[in-house]
Every structure is written in C-alpha cells, then in structure tokens.
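Student: I would like to take a close look at a single part of this structure and then see what surrounds it. Could you start from one residue and lead me on from there with some care?

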Amino acid sequence: MASLSTLYSSSPSLKQSTVKAFTSPTTRGDSFSFPHTSKPTTHLPLTLSASRADISHSDAAAAAKKELIKDPDALWKRYLDWLYQQKDIGLYLDVSRVGFTDEFVVEMEERFKSAFKAMEELEKGSIANPDEGRMVGHYWLRNSGLAPRPGLKTLIENTLDSICSFADDIVSGKIKPPSSTVGRFTQILSVGIGGSALGPQFVAEALAPDNPPLKIRFIDNTDPAGIDHQIAQLGPELASTLVIVISKSGGTPETRNGLLEVQKAFRDAGLNFAKQGVAITQENSLLDNTARIEGWLARFPMYDWVGGRTSVMSAVGLLPAALQGIDIREMLAGAGIMDEATRTTSLKNNPAALLAMCWYWASDGVGSKDMVILPYKDSLLLFSRYLQQLVMESLGKEFDLDGNTVNQGLTVYGNKGSTDQHAYIQQLREGVHNFFATFIEVLRDRPPGHDWDLEPGVTCGDYLFGMLQGTRSALYANGRESISVTIEEVTPRSVGALIALYERAVGLYASLVNINAYHQPGVEAGKKAAAEVLALQKRVLSVLNEASCKDPVEPLTLDEIADRCHAPEEIEMIYKIIAHMSANDRVLIAEGSCGSPRSVKVFLGECNVDDMYAQ
Ligand SMILES: O=P(O)(O)OC[C@H]1O[C@](O)(CO)[C@@H](O)[C@@H]1O
C-alpha cells in the first residue's frame, strides 16, 4: 500500500536472513526469550513516601471526612458549587459526594502546581518516562500540532489517513479476501493482549453498531481452548476474516502464540494467511519484520512514545474501530476537547484534576481504598476492565521518582449497574469500607422514538436511572463516598472524552504521588519467571527423552528427574510440569498417579533420538 510504504520508507532494509521472524518456530536458545527488559531502578533506603508524609490529612480534615454532609440544603449547595460541565461533550462531573474539605483543597491546589507543570512538559516532549528514556505523546494523537517535531506531526496525520482509506477499501470490498465466496471481508480477528486488546475491546463494546460492516472477535490470551473457540466460531468465515495482530513491542509471547495458532488454522483451511493479515506494531519489531517478509496485506505503525495502555487513539484502537463503522475522527475530536479542558491549571475547572484530587482524598494518597467503577449502561461494561490496566499498571509502583519505596497504587474493579445491585452492592453499602465508587451515568436511555411506558409514566430506562440514584444515595447515607460522571449519550465523541479524562487524571495523580506512570517494571518478574518455567520444561523433556530412548525404557521418579536436571530445588515445579504434560497426554506415568507425587514414575511416549529438547 502506497501510504504505508511511505510511512515505512525510512526503514533500513534488513537482510532477510538476519531478521528474526516473530513467527519463527521455537529454536534452541531464544525460543522463550521474553523481549521486555527494564533498566534497573536505584533502590534507596525505605522512607515514608513524600506523598503520604507531607500531604496532610490533618486531624481536623480526617474528622470532617468521617462526617459527610447530611443536611440536604448544604448538600445541594455543595453539589452546585462543585459541579463541572463540559458543554461541547455533554459531560458532567459531580464530586459533591466526596468529603474533601476546603483546607484539603487549598493544600492540593499548591501541589497541583507542579503536577500541571510536569504535564505541560510532558506534552512538550520531555522524557516523561525516565526509566525507559521515552517521551509520552498520546496527547499528540488527537492534536498532531502538539507533537514536538514536524516529522511526528506528519507521521500521525499520514497514519490516520492511511487507516481511514484502508478501512474504506476493506469495508467497500475494494480490497477483497482472496478465497472467500462472499467477495468482501466480514469479520475481524484481533490478536493482542493488555493495552493491545483492552482499548479495542472497550471501544467495540461501547460503539460498534448492531450490524457493523465487519464484526470483531478477540484472541487476547495464550489459552489454546479460548483460541480454538474463537476460530471455531468463525467457521467458514475464516476465509473472509481480516486478522489484525497488535503488539507494540512485537514480541509478546501470548500474541505470538495467538498468531501461530491462527496461521495454523489458515493452513489447515487451505487459506493464505498473508493476504488476510495486518500488523500494528513498532517499526522493525519481530512482528513488523515477519509481516514485511511474509508480505502481509498491511502494516500500521505503533510509536515508541505511545504506551500500550494509552494506545487506543493510535492505529491500535482506530483501525479496528474504523472497520466496524465507528467514526474515529469523532472519537479523536472528543478526546481532543477533553484534552483541552484538562489543560487548565484551575483545579476547580479541570475535571481530570478534580478526579485526581478525589482519588487522593478517598484513598489517602496511598491507595487505601479501591475505586469501584459502576457504569449504568451495558455498552460501557468494559470501561472498568479498560481502566483497570490504565490505572493499575500506571499507578501500581514500588518506587517513587526519587527511589523511595512507596508501593503505590489504586485498585480498580467494577462491572455495571444495575446488575451489580444484585451481586456485590450489599457489601459496598454495609460491609468492609474499603472503596469509593464512581458512577457513570448516561442520560439518553435509547435512541429517540423507541421509548414506551412500561408502567404509567415510567420507562425501562427510568428504572435504570432510579437504581443509579438510589444506590448513590444509599451508599452516601452510610458514609460511602462516590463520584458521578454523567454523559448525555454514548457516542464516539463522549467515549473519546471519557478515555482522555481518565488518561489525564492518571497522569496528574501520578505526579501528586511522585511516581512514573508510564513504565511497568513489575510485569517483567512474572514474564521472566514464566520463561524460566518453560526452560525447565525443556530440560525435563530432554532428561525424560534420554531415559525413554534406553532399551528397556527407564521410567524416572521426580527426584531422579530433578537430580538429572541439576535442579533439586525445583522439584515442586518439575512435578507441576509433569502433571500438566500428563493431563495433555504428553508423558506416560509408569507407576502411581499424578495425585501422589512420591509414587510417580514417568517416561515419554516417544523417544526422539536427536533430542530436539536439548538446549
Ligand atoms: O503491545 P505489546 O507490546 O504486545 O504489550 C502488551 C501489554 O504488555 C505489557 O507490556 C505488560 O506486560 C502492557 O503494558 C502492554 O499493554
């Protein structure tokens, strides 16, 4: 595609033989290398976090906090005093049911000065993610004029144009699947995980029309049964499925596995994957190289300066959305309006700052209370799941920017109202008081012309409204704080604005508690440990293979396997590996059963003379 090749015109041409392909079959040595690495952080002595130590919840403030205002007149006045409105979006923010005091606001206003300054610097292209030495530019995606270099501005604009024209060509049938009898693409299979899935999933659930031009499904895990399910559901429509593989790094194992599984399904069905595959990734990543070498239908760029969890307004979220007939320019416009609204340094007039202030107040600036997100609208169901990554991966940090141990974070969970009324609201109202709620209210119940009274003067939507207001009041009456975000309708514009609102709130809150919101060093430990487990599995297989090639076959006990793997301290893990392989018919148990580890003797069903498992 001309526009795409222009985007990649600066790519140095790589010799095919030197390029490691994302889809290469696993080979010794590098097969389970997990690509993310993080720079070591300086561990300074444990000190009390600055965030907790010097923002004060003075005794008076804390006492006032316990005494939420109950007088209806005073509450109405507080409501009016603090109500924020963004008229161009049709978005309202009500923080009146959070009990912050005037004294606290004054203190926070002071602290926000540096948070606003840091945000301004970030938008100008400072290295806002110091550990990874990266700029943080998701705000430029909706206002390319802010990008610190002209080249970036052009890149953003060209990518957007190429997304729109590619989507038009797919939807109109100008670009056709090679083997489908239907003559046009009908389905999207999106393969990606974390930020490379959650945004597209949220947007699809919120905004896709009932009969989109292409329907979307997701593979967002390395669960083989889950993958089989998605592929089985596509059935013969695999021939008219556009597969979009999304990975910023281009080397995330779960995504690579999903791709390999999908490619196998294409081979089994006699289809040419490359003609139906699209990659969204950073230039020259393993995925990018694979897509280029194999001649996939299209490639779209991800940028170094956009984090996975803030990537929904890049090709990651925009391409799938456009293919479903969602107006992506409206989404960007909504986000842009909210970005502008959240640039003001007047705390009271900045909805993101108000949110951050409330989070700080409610959770004592140390995450002492959880954030429960309650959208009263089915289509916003996935907002809490989306926010879980945005908030928790950004704020859940061990060290602050000065190297102090702070173990920061804010726990996010939620589902939807009024469904949750019949699940966990009981505990929220009466049980352990470890949360604050955020109600997401949508004024428009359903499109005009469809409403009817199911009782005199009362519609189905009135019930939903009543449940929201009732729950808000009931929680408050029992001393539980809540924030309410109201939008008039669920539209691309309002969804874009909601996303932008929370992105900014997270960034500001991170400044308040002095942490880096834009890296995720904590996820490396789990990835590294997973890689070690898989490396151990190969050693176990190699040891078993050698014993199974003997004549007669030599079944081994767990102790013998651990010994021969030179990993006696890993015997429990070896047992788990054997149990897992046995459950999947990959080893034979000569004696005992997996339920009684001590009695187990194991060998392989097949002997491989070349020992393909040996490192
Ligand atoms: O887009 P990628 O590089 O495949 O990463 C997926 C996700 O993995 C993470 O890096 C965490 O493991 C997230 O930050 C990211 O959204």
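Student: In the loop between which elements is Val600 found?

Tutor: Please keep in mind throughout that the model is predicted. Val600 is found in the loop that runs between β15, residues 588–591, and β16, residues 601–603. You may next wonder whether Val600 is counted as buried or exposed. Val600 is buried, because its relative accessible area is 1%, and the cut-off for a buried residue is under 20%. Val600 can also be placed against a residue from another part of the chain: its C-alpha atom is separated by 8.0 Å from the C-alpha atom of Leu556, although Val600 and Leu556 are 44 residues apart along the chain.

Other loops deserve an equally careful look, beginning with their backbone geometry. In general, most residues other than glycine have a negative phi, and most peptide bonds are trans. Asn284, which is not a glycine, has a positive phi of about 70°, and it is found in the loop between β6 (277–282) and α10 (286–294). Asn284 is described as partly exposed because its relative accessible area is 27%. His566 is also a residue other than glycine with a positive phi, here near 55°, and its place is in the loop between α19 (558–564) and α20 (571–583). With a relative accessible area of 68%, His566 is exposed, since exposed stands for a value over 50%.

Cis peptide bonds are found in loops here too. One joins Gly417 and Ser418, with omega at about 0°, and Ser418 has its place in the loop between β9 (412–414) and α15 (425–430). Another cis peptide bond joins Asp551 and Pro552, with omega at about 5°; Pro552 belongs to the loop between α18 (522–548) and β14 (556–557).

From the loops we can turn to a strand and its neighbours. Strand β13, residues 482–487, is mostly covered, as six of its six residues are buried. In a regular strand the side chains alternate between the two faces of the sheet. In β13 both faces are covered, with Ser482, Ser484 and Thr486 buried on one side and Ile483, Val485 and Ile487 buried on the other. Strand β2, residues 91–94, runs antiparallel to β13 and is joined to it by four bridges; within this pairing Leu93 stands opposite Val485, while Asp94 stands opposite Ser484. Strand β10, residues 435–442, pairs with β13 in the parallel sense over six bridges, and here Ile440 is the residue that stands opposite Val485. Val485 therefore has Leu93 of β2 and Ile440 of β10 as opposite residues, in strands that count as paired because at least two bridges are found between them.

Strand β2 has a further partner, since β1, residues 84–86, pairs with it in the antiparallel sense over three bridges. Gln86 has Leu91 of β2 as its bridge partner. Four residues lie between β1 and β2, which form a hairpin, and Gly90 in its turn has a positive phi of about 80°.

The spaces within the structure complete this tour. A search of the whole structure finds one cavity of 30 Å³ or more, and the largest cavity holds about 60 Å³ of space. Among the residues that line the largest cavity are Leu141, Ile156, Tyr303 and Met313. Helix α6 (150–172) and helix α11 (315–323) each supply at least two residues of this lining, and α6 gives the most, with four residues. The lining of the largest cavity divides into nine nonpolar residues, two polar and no charged.

The second largest pocket holds about 800 Å³ of space. It is lined by 31 residues, and Ala204, Glu205, Ala206, Ala208 and Ser379 lie nearest its centre. Its lining divides into 14 nonpolar, six polar and eleven charged residues. Elements that each supply at least two residues of this lining include α7 (198–207) and β4 (215–219).

Finally, there is the ligand, with 15 residues around it, of which Gly195, Ser196, Ser247, Ser249 and Thr252 come nearest. Oxygen atoms of the ligand take part in the following contacts: a polar side-chain atom of Ser247 lies 2.6 Å from one, a backbone N or O atom of Gly195 lies 2.7 Å from one, and a polar backbone atom of Lys248 is 2.8 Å from one.

Note on methods:
Residues numbered from 1 in each chain as written. Heavy atoms only, no water. Buried < 20%, exposed > 50% of the residue type's maximum accessible area, 1.4 Å probe, protein only. 1 Å grid on protein atoms, 1.4 Å probe; cavity = no way out; pocket = protein on both sides within 12 Å on 5 of 7 lines; lining within 4 Å. Points joined across faces, edges and corners; volume = space filled by probe spheres on them. Nonpolar A, V, L, I, M, F, W, Y, C, P; charged D, E, K, R; others polar. Near = heavy atom within 4 Å. Polar contact = N/O pair within 3.5 Å; in protein donor to acceptor, adjacent residues only side chain to side chain.
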